[in-house]
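Visitor: Got a minute to walk me through this one? I'd like the main features, quickly.
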Amino acid sequence: MAEHGGGGGGGCCPPMDLFRSEPMHLVQVIIPIESARLTVSYLGDIGLIQFKTSLNAEKSPFQRTYASQIKRCGELARKLRYFKDQMSKADVTPSAKPEAKTDFNVDDLEVNLGDLEAELTEIIANSEKLQRGYNELVEYKLVLQKAGEFFKAAERSAAAQQRELSSHQAGEESLETPLLKDQESTADQSKQVKLGFLTGLVSKGKAMAFERILFRATRGNVFLRQTSVEEAVIDPNSGEKVEKNVFVVFFSGERAKSKILKICEAFGANRYSFPEDLSKQAQMITEVSGRISELKTTIDTGLLHRGNLLETIGKQYEQWNDLVRKEKSIYHTLNMLSIDVTKKCLVGEGWSPIFATQQIQDALQQATIDSKSQVGAIFQVLHTKELPPTYFRTNKFTDSFQTIVDAYGVAKYQEANPGVFTVVTFPFLFAVMFGDWGHGICILLAALYLIFKEKKYSSQKLGDIMEMTFGGRYVILLMSIFSIYTGLIYNEFFSVPFELFSPSAFACRDAACSEATTIGLIQVRDTYPFGVDPAWHGSRSELPFLNSLKMKMSILLGVAQMNLGIILSFFNALHFKNAVNVWFQFIPQMIFLNGLFGYLSLLIIVKWCTGSKADLYHVMIYMFLSPTDDLGENQLFANQKTVQLVLLLLSLIAVPWMLLPKPFILKAQHNRTHQGESYTALQGTEDSLQVEASHDPHGHEEFEFSEVFVHQLIHTIEFVLGAVSNTASYLRLWALSLAHSELSTVFYEKVLLLAWGYNNVIILIVGIIVFIFATVGVLLVMETLSAFLHALRLHWVEFQNKFYEGDGYKFAPFSFSLLGNEEE
């Protein structure tokens with residue numbers, strides 16, 4: 001039976017791939033130790049088996065068989081991340097495709113990466129050391145220049161003062177000149193104390209605080225001179241660009257010196273020695289400049305060597321990264337398998353689609369041959385009551401629609417998939433709200449651009465919004481095509497009507513009629529063949545006519561989609577052989593919904609066909625309030641009152657029909673199933689009970705009748721109230737369509753036409769720019785997002801809650817193609 005299922009799914013046109021998930025089975029694989037790694041590698045290439053993680057759950061990750069290999073792969077991944085960081089710092093981009101694909105094994109790669117890491121680390125360490133020396137020399141040169149200026153200025157000032165003093169003394173010899181002056185000066189010279197000084201650089205932001213602390217610590221017994229450096233310099237310690245001041249501190253005594261040194265250390269000030277002999281300053285500046293030039297050359301050579309090494313790494317980086325990630329995933333998967341008591345083979349269990357059985361067996365056989373194992377792997381199907389994962393085979397077109405459904409909840413195994421219908425209904429309901437073929441063309445061009453650039457964008461890392469837009473490019477394509485279609489029906493091109501298919505059916509009453517839009521028109525030709533006649537636009541009756549049309553159309557579309565949801569619940573019940581759901585869920589729901597709102601839809605169609613002036617609000621309200629009264633002028637067909645009475649009665653009967661029988665039948669089925677048996681398959685019973693039985697293999701759970709009854713009561717109330725609220729909810733199609741049309745009209749008439757009326761080129765250009773920005777920003781972006789979200793709500797709530805449980809879990813196979821770029 002498994003082979004038959006697999007063959008059925010493998011044809012050129014598999015039947016309704018998306019309608020039900022792929023048939024799955026639980027398989028067991030027994031692999032000899034010597035071929036285990038190669039076998040798992042081949043299974044990863046196929047990517048069609050999801051291994052169970054529960055076989056080794058009792059062991060911690062460090063106790064498992066291949067923990068050391070995973071640790072080894074983690075170390076290789078660390079080295080590759082280190083290379084990537086260095087490449088990003090050096091602006092080296094790894095090659096997307098290596099020039100020549102080289103086969104590496106992990107042992108060779110480990111040695112190679114170790115050597116490269118050691119070489120790169122040494123180059124970077126030497127480069128940092130040289131760069132630090134270079135930065136120190138640059139600072140030293142600045143200190144020599146700026147501090148030299150202090151001393152030269154002081155020397156010039158002292159010489160000038162000396163000349164002034166000597167000339168003053170020579171010119172002012174008198175009787176008042178002290179007789180003991182020479183003796184005092186001799187005594188002063190003997191008491192002179194030699195001043196010391198320190199030079200260096202301090203951050204400009206800390207300069208004021210530095211000066212204040214120095215003054216306080218030495219009680220003002222220092223003399224500090226500072227000057228700012230014109231350009232920011234790279235600090236040797238931090239490696240960052242900092243604006244600094246050169247300072248010179250003069251002090252007296254060793255105690256003051258020790259205090260100053262501590263303050264310099266606290267403020268991160270870099271100190272440099274300065275020659276006391278001013279004649280040596282020029283020579284030292286020349287020497288330092290020479291050393292800076294030599295270091296610059298050495299650093300440039302080192303950077304070139306580092307760049308060449310990183311480019312060599314970059315050519316093979318992606319290939320190495322893929323290999324390490326594959327190896328790590330292989331050993332991580334091997335750790336999910338349990339080791340046999342003989343320690344000669346590994347046992348794994350997992351889910352796989354039935355159609356993949358032959359591919360998996362071929363891969364196991366090939367791995368046995370390639371690993372030269374004497375014992376082949378064993379593949380067998382296990383029987384279980386566990387719920388299998390859900391797997392739909394999608395392509396790049398259907399994947400985005402399936403993602404919309406999965407965002408609500410993953411389909412339960414083999415339940416009907418709304419994704420099949422979402423491909424058409426989602427873009428169509430969007431277009432009903434967005435109908436304008438001018439705006440539709442704009443969105444179509446954007447979608448075609450994304451599809452045209454598909455290969456380029458799919459290989460790039462995009463931003464969050466761009467990635468989401470690119471992922472939904474085919475959804476946007478269909479949305480735009482349907483918007484063009486509904487725009488042609490509404491006859492709106494940026495809110496302007498066109499006579500595309502024939503002239504308007506209406507014309508002025510006479511040749512003198514000048515205000516045709518307000519006075520009224522008469523029909524002179526056949527009805528406009530497709531969509532809304534352009535004559536309606538701008539007339540006094542435009543809004544009442546279009547509102548009536550769109551509101552009734554919204555109800556028709558809503559009732560049709562809700563009926564589709566209930567019909568899908570019937571197919572689910574048939575598939576799961578659940579007769580209870582057919583007789584006590586599907587039938588009463590169809591009767592209730594169509595007895596009220598299906599009947600309303602029929603009245604709308606009859607009214608359109610007959611041109612009757614019956615008031616449908618009156619008909620529906622008095623169908624409940626006074627069902628036996630005569631309808632009078634609101635009668636649309638013969639025996640309408642009798643039909644209404646029958647439908648009302650059936651709708652009332654449908655409510656207890658949904659509520660009461662099902663809990664009692666489920667209780668009877670439960671008692672019959674568990675009578676005298678410890679384990680029996682639950683065929684034809686409620687789905688939830690089947691799931692419960694899978695969790696309790698002995699099946700002796702008590703049947704909670706009150707819980708089931710309350711659940712059914714909630715379900716019934718939800719459906720009855722939901723039939724009204726959900727139908728009303730579809731009126732959003734009318735509301736958003738009206739809002740879009742009116743906004744478009746406002747932008748056209750109050751911006752573009754108003755600017756055109758001024759006969760001024762500048763005002764016209766400004767008006768066109770405002771119109772373009774308003775159209776793009778409001779109508780093509782905000783309105784698109786709004787209509788998208790409303791269409792999403794209609795699918796998730798109004799459509800899917802009629803049949804879709806969405807409590808399954810996704811098939812997550814072990815596949816190399818699905819390996820992400822996550823950083824460990």
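Guide: One convention before the sheet: axes are lines fitted to C-alpha atoms, for helices over the stretch in contact, and angles run from 0 to 180 degrees between N-to-C directions. With that, helix α7 (residues 254–266) lies across β3, β7 and β8 and runs at about 165° to β7. Keep in mind that this is a predicted model.

Visitor: What is the strand order in that sheet?
Guide: The order is β4-β7-β3-β8. It is an open sheet of 4 strands, with antiparallel pairing.

Visitor: Which strands stand at the edges?
Guide: β4 (223–228) and β8 (270–272) do. Each has a single partner strand, so one side of each is left without a neighbour in the sheet.

Visitor: And the twist, what does it average?
Guide: It averages 25° from one strand to the next.

Visitor: How many bridges join β3 to β8?
Guide: There are 3 bridges between strand β3 (residues 196–203) and β8, and the two run antiparallel. As one of the pairs, L201 has N270 in β8 as its bridge partner.

Visitor: What does helix α6 touch?
Guide: Helix α6 (residues 207–217) packs on the sheet and touches β3, β4 and β7 (244–251). Its direction makes about 175° with that of β4.

Visitor: Switching topic. Which residues does UniProt list for "transmembrane region"?
Guide: The unreviewed UniProt entry lists 428–452, 473–490, 553–574, 586–606, 642–660 and 761–782.

Visitor: How far apart are the end C-alpha atoms of residues 473–490?
Guide: They lie 25 Å apart, and that span is 100% helix. For residues 761–782, the end C-alpha atoms lie 30 Å apart, again with 100% helix and 0% strand.

Visitor: Now packing. Which residues touch the most other members in the largest nonpolar core?
Guide: F426, L593, F597, L603, Y730 and L733 do. That core has 67 residues. Its largest share, 11 residues, comes from helix α18 (residues 579–610).

Visitor: What is L603 in contact with, leaving aside its neighbours within four places in sequence?
Guide: L616, V619, M620, L636, F637 and Q640. Apart from the largest core lies another, of 33 residues, with W351, A356, L364 and F379 among them.

Visitor: On to charges. How many salt bridges does the count come to?
Guide: The count is 19. In one of them, the side chains of D406 and K810 meet at 3.5 Å, N to O.

Visitor: Why does that pair tie together separate parts?
Guide: D406 lies in helix α10 (residues 398–408) and K810 in the segment after α25 (761–799), so the pair links parts that are 404 residues apart in sequence.

Visitor: Is D406 buried or exposed? And K810, buried or exposed?
Guide: D406 is buried, because its relative accessible area is 16% and the cut-off for buried is under 20%. K810 is exposed, at 51%.

Visitor: What about R473, which residue does it form a salt bridge with?
Guide: E454, with the closest N and O atoms 2.8 Å apart. R473 lies in helix α15 (residues 473–490) and E454 in helix α13 (residues 454–458), so this pair ties together parts 19 residues apart in sequence. R473 counts as buried at 9% relative accessibility, and E454 is buried at 13%.

Visitor: And E798, what is its partner?
Guide: R793, with the closest N and O atoms 2.8 Å apart. E798 is buried at 0% relative accessibility, whereas R793 is partly exposed at 33%.

Visitor: Which residues do shared partners join into one network?
Guide: K52, E349 and E386, through salt bridges.

Conventions:
Residues are numbered from 1 along each chain as its sequence is written. This is a predicted model: local features need pLDDT of at least 70, side-chain atom pairs count only at pLDDT 80 or more; totals for chains, interfaces and linings use all residues. Side-chain values use heavy atoms; hydrogens and water are left out. UniProt positions are given in the numbering used here, feature names are shortened, and annotations may be inferred rather than shown by experiment. A nonpolar core is a set of buried Ala, Val, Leu, Ile, Met, Phe, Trp, Tyr and Cys residues joined through side-chain atoms within 4.5 Å. Buried means under 20% relative accessible area, exposed over 50%, partly exposed in between (1.4 Å probe, protein chains only). Contact means heavy atoms within 4.5 Å. A salt bridge is a side-chain nitrogen of Lys or Arg within 4 Å of a carboxyl oxygen of Asp or Glu. Two strands pair if DSSP finds at least two bridges between them.
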